[in-house]
Amino acid sequence: MEVINIEVQTFEAMMNRFEAFTRKVETLCQSKDKSLHQWLDNQDVCQILNISKRTLQTYRDNGTLAYSQINHKIYYKPCDVEKVINILKQK
C-alpha cells in the first residue's frame, strides 16, 4: 500500500472543489428541466432524415451533425438535426 502526503491547504482545496461539484450534480439531478428525454439516438435520427446508419456516421465524421457520446451510446439534439434538415433542403 502506498501512502501519499499532501499539505492541509491542498487537501482543503480539494475537498472544497469536490463539495462544489457535488452540489452542482445534486442541483442538476433535482432540476425540473430534465431535457435528456428530448435527445435523439441513432435510430431516431436515421428515421427522421431517412438515411442509413452509414450516412449518419459520415455526417458525424465530417462535422455535418453535432453529437454527444455517453459511454458507447450517441445522442443528438433535435435542434442539430433540424440544422441538417435545412442543409439537405438547400442541396
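The following paragraphs consider the salt bridges and the cysteines of this structure, which is a predicted model.

Two salt bridges are counted in the structure. One of them joins Asp-41 to Lys-73, with the closest N and O atoms 3.5 Å apart. The two partners belong to separate parts of the chain: Asp-41 lies in the loop between H1 and H2, whereas Lys-73 lies in strand E2 (residues 73–75), so the pair ties together parts that are 32 residues apart in sequence. The loop that carries Asp-41 runs between helix H1 (8–30) and helix H2 (42–49).

The surroundings of Asp-41 can be described further. Its relative accessible area is 19%, and because the limit for a buried residue is under 20%, Asp-41 counts as buried. Lys-73, at a relative accessible area of 38%, is partly exposed. Apart from neighbours within four places in sequence, the residues in contact with Asp-41 are Lys-73, Ile-74 and Tyr-76. Lys-73 therefore appears both in this list of contacts and as the salt-bridge partner of Asp-41.

The other pair is formed by Asp-80 and Lys-83, whose side chains meet in a salt bridge at 3.9 Å, N to O. The cut-off for such a pair is within 4 Å, and the distance of 3.9 Å therefore satisfies the criterion. Here the partners share one element: both lie in helix H4 (residues 78–90), and because they are three residues apart, about one helical turn separates them. In accessibility, Asp-80 is buried, with a relative accessible area of 15%, while Lys-83 is exposed, with a value of 52%.

The cysteines remain to be considered. A disulfide is a covalent bond between the sulfur atoms of two cysteines. A search of the whole structure finds zero disulfides. Cys-46 takes part in none, and the nearest cysteine sulfur to its own, that of Cys-79, is 18 Å away. For Cys-79, likewise in no disulfide, the nearest cysteine sulfur is that of Cys-46, again 18 Å away. A disulfide requires sulfur atoms within 2.5 Å, so this pair does not qualify. The environments of these cysteines may also be stated: Cys-46 is buried, with a relative accessible area of 11%, whereas Cys-79 counts as partly exposed at 40% relative accessibility.

Notes
Residues numbered from 1 in each chain as written. Predicted model: local features only at pLDDT ≥ 70, side-chain atom pairs only at ≥ 80, totals over all residues. Heavy atoms only, no water. Helix = DSSP H or I, 4+ residues; strand = E, 2+ residues; numbered from the N terminus. Buried < 20%, exposed > 50% of the residue type's maximum accessible area, 1.4 Å probe, protein only. Contact = heavy atoms within 4.5 Å.
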